[in-house]
Amino acid sequence: MKKKAGVNQISNRANCIINIFFLIYAILCIAPLLLSLGVSLTDEKEVILHGFNFIPRKFSLDAYRFLFQDASHVLRAYGVSIFVTVVGTLFSVMLTALYAYPISRKDFPAAKFFTFFIFFTMLFNGGLVASFYINTQLFHFKNRLYSLLLPLMMNPFNVLIVRTFYKQSVPKSIIESSKIDGASEFRIFIQMVLPLSKPAIATIALFDTLCYWNDWFSSLLYISDVKLYSLQYTMYTALMNIKYLLKFGETSSDALNSLGTVPTQTVRFAMVLIAIGPIILAYPYFQKHFVKGLTIGALKG
Amino acid sequence: MNIPNKTGVTIMKTLKKHFRYYPLYLMILPGFLLILCMRYLPMGGIIIAFKNINYADGIIRSPWCGFDNFEFLFKTKDVLIATRNTLSYNLAFIVLGMVVSIAFAIALCEIRNRFAAKVYQSIFFFPYFLSMVVVAYMVFAFLGMENGLLNKSIFSFLNIDKIRFYAEPKHWPFILVFVNLWKNVGYSTVIYLAAILGIAPELYEAAIIDGASKWQQIIYITLPSIKPIIIILAIMAIGRIFYADFGLFYNVPMNSGALFSTTQVIDTYVYRAMTKLGDLGMAAAAALYQSFVGFVLVITANWIIRKIDSDNALF
């Protein structure tokens with residue numbers, strides 16, 4: 001405590017209090033994750049006796065063994081989630097980058113119109129019922145993979161972020177001089193604009209990845225075929241209907257042979273862990289680019 | 001003869017001007033079509049709200065019914081409760097979220113150990129990346145009746161009676177506000193932090209020479225400097241005040257009917273009216289009520305800001 005505070009630094013006591021407070025809050029932020037991990041590694045019988053706890057009283061990998069050996073449902077759902085995330089992000093980023101470029105160009109005569117065209121969708125929308133009706137009746141969204149892809153594609157907010165980035169970071173002179181050199185618009189876009197815009201593209205790719213990976217609402221609206229369940233939607237179903245997990249047991253006999261019954265409680269939390277897994281692995285990368293993206297200063301439309 | 005020719009010439013000129021940019025039009029085309037189909041065509045579905053719709057006749061041939069759906073909608077108390085809940089929750093989220101994240105951002109800047117500040121920031125951001133389904137599981141792990149950590153371990157250890165969280169509505173305002181803050185504070189903290197780090201250091205140097213205390217620096221330099229970003233985020237939030245996070249209000253209370261009095265918001269009301277009651281017309285009326293009022297609110301908020309301080313207006 002003797003260490004003196006420098007000029008314009010907060011006092012030792014204030015520093016100490018803030019640190020303690022932040023430490024507690026940080027624990028609060030990851031406590032639910034640790035609790036889920038603890039439960040998923042506990043023996044099912046222990047959970048029923050003593051409830052959910054951070055530290056397993058009796059360690060067991062049954063939940064994970066069940067998920068990976070016998071619950072082909074979950075592996076399939078994992079596949080659906082990965083497919084939707086990869087394909088959705090790819091297309092979404094491509095379309096966003098393409099749409100944002102012309103509307104960033106001051107000389108493009110229709111820039112204003114197309115900017116408003118996308119901006120307006122942020123202000124007004126048809127509402128859930130209208131889009132549900134049109135999507136199911138006109139575009140046949142029931143039980144199709146594209147009904148998980150299309151509704152989330154090209155977030156207008158992302159388009160405006162990229163547009164602002166192009167405007168700020170791609171010097172007009174580069175475009176002008178390439179034009180004089182005879183490069184076509186597409187060539188300028190691919191060889192000049194895109195490489196300069198990597199940070200913005202990386203950021204919206206992350207936004208999209210997260211958006212697709214965490215989506216369950218499109219499935220709730222349009223999917224009833226178990227084969228097309230995504231991981232999040234499988235988890236959603238298992239949360240709302242505990243019997244759903246028991247159905248897994250019916251189709252996979254090995255599980256019941258070795259475990260007796262389906263460890264429903266612990267399996268649910270094992271699913272939480274495998275759903276967050278990819279996010280935690282990519283977290284440092286995610287966090288870095290998210291912060292960068294948020295600070296592009298592109299909030300203003 | 002001359003006049004039509006002249007207009008003809010100007011039309012040709014405009015067309016030529018646009019045609020010069022055909023590669024840019026080509027670039028915009030796929031995205032344009034997608035937005036048209038996914039965001040504009042569904043707006044046509046709005047007429048469901050004014051129709052006595054049935055699937056057999058389809059949207060075009062179903063009979064019109066004027067404002068009957070709206071009349072029916074506002075006769076029930078449900079939509080008023082949903083509106084009240086949506087507005088009060090959003091107000092709480094906006095005010096608390098803003099205060100907490102600005103406080104966090106300022107405090108993070110003041111911590112002496114820069115490394116610790118980075119670590120805190122990363123950890124605070126973590127809940128933002130979770131889906132509402134995952135969050136619902138985590139909340140359940142704490143609050144569940146049979147096995148939840150609070151009921152099974154902590155309350156019995158403290159000799160407190162078990163609380164049936166998923167059956168008693170009175171706890172949910174606190175739980176939902178807490179979960180929302182927990183999930184989103186890290187995100188807005190980062191935005192405010194970036195704004196604070198962008199303030200010119202000369203301002204603080206001058207203030208120190210004048211003998212300003214830390215509090216005075218915060219009140220007279222930091223807060224006024226980040227005012228634009230506060231205003232922008234506030235308008236955007238007010239524009240969305242009629243919309244709620246469906247997952248938060250549907251998954252986290254586990255769709256429990258006993259909790260509707262404090263967990264029903266307009267979004268969940270529309271969904272339930274559409275799927276459970278099967279009343280498409282009324283659900284569409286509720287959805288249109290939501291998007292129309294939301295639209296008016298965002299325009300008004302922006303108009304007010306423009307009156308006060310046109311630099312900070314969104315559009």
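Among contacts in chain B between residues at least 6 apart in sequence, what percentage join residues at least 24 apart? The figure is 68%, where two residues are in contact if their C-beta atoms, placed from the backbone, lie within 7 Å. In chain A, residues 24 or more positions apart account for 70% of the contacts with a separation of 6 or more.

A word on conventions helps here. This is a predicted model, in which local features need pLDDT of at least 70 and side-chain atom pairs count only at pLDDT 80 or more, while totals for chains, interfaces and linings use all residues. Residues are numbered from 1 along each chain as its sequence is written, and chains are lettered from A and ligands numbered from 1 in the order in which they are written.

Turning to the overall architecture, chain A holds 17 helices and 0 strands, and chain B holds 16 helices and 0 strands. These elements are DSSP runs numbered from the N terminus, with helices (H or I) of at least four residues and strands (E) of at least two. The C-alpha trace of chain A spans about 75 × 70 × 35 Å along its principal axes, and its radius of gyration is 25 Å, where a compact globule of 301 residues would have one near 19 Å. For chain B, the C-alpha atoms fill a box of roughly 90 × 65 × 35 Å along the principal axes; the radius of gyration is 26 Å, against a value near 20 Å for a compact globule of 315 residues. The radius is taken over C-alpha atoms, and the globule rule is 2.2 Å times the number of residues to the power 0.38.

Burial was assigned from C-beta atoms placed from the backbone: a residue is buried if 20 or more other C-beta atoms lie within 10 Å of its own, exposed if 12 or fewer, and partly exposed in between. By this count, 44% of the 301 residues of chain A are buried, and 37% of the 315 residues in chain B.

The contact between the chains takes 78 residues from chain A and 72 residues from chain B. On the side of chain A, helix α1 (residues 12-40) gives the largest share, 11 residues. That side has 52 nonpolar, 22 polar and 4 charged residues, with Ala, Val, Leu, Ile, Met, Phe, Trp, Tyr, Cys and Pro counted as nonpolar, Asp, Glu, Lys and Arg as charged, and the others, Gly among them, as polar.

Within this contact, α1(A) packs against helix α7 (residues 132-143) of chain B at an angle of about 75 degrees, with the axes 10 Å apart. The two helices are therefore roughly perpendicular, a label for angles of 65 to 115 degrees, whereas angles under 35 count as roughly parallel, over 145 as roughly antiparallel and the rest as oblique. Axes are lines fitted to C-alpha atoms, for helices over the stretch in contact, and angles run from 0 to 180 degrees between N-to-C directions. Here A:P32, A:L35, A:S36 and A:V39 meet B:Y137, B:M138 and B:A141, a set of 6 nonpolar, 1 polar and no charged residues.

B:Y137 also appears in the largest nonpolar core, which has 155 residues; A:V129, B:Y137, B:V270, B:A283, B:A284 and B:A286 touch the most other members. Such a core is a set of buried Ala, Val, Leu, Ile, Met, Phe, Trp, Tyr and Cys residues joined through C-beta atoms within 7 Å. Helix α4 (residues 72-104) of chain A gives the most to this core, with 13 residues. Leaving out residues up to four places away in sequence, the contacts of A:V129 include B:I48, B:V270, B:M274 and B:L280.

Further cross-chain contacts involve B:P30 and B:L130. B:P30, in helix α2 (residues 22-40) of chain B, touches A:L95 and A:L98 and is partly exposed, with 15 C-beta neighbours inside 10 Å. B:L130, in the loop between α6 (114-125) and α7 of chain B, is buried with 21 such neighbours and is in contact with A:I276 and B:V135, sequence neighbours within four places aside.

Finally, some loop residues merit a look. A:N143 has a positive phi of about 55 degrees although it is not a glycine, and it counts as exposed with 12 C-beta neighbours inside 10 Å. B:M254, also not a glycine, has phi near 50 degrees and is partly exposed, with 18 other C-beta atoms within 10 Å.
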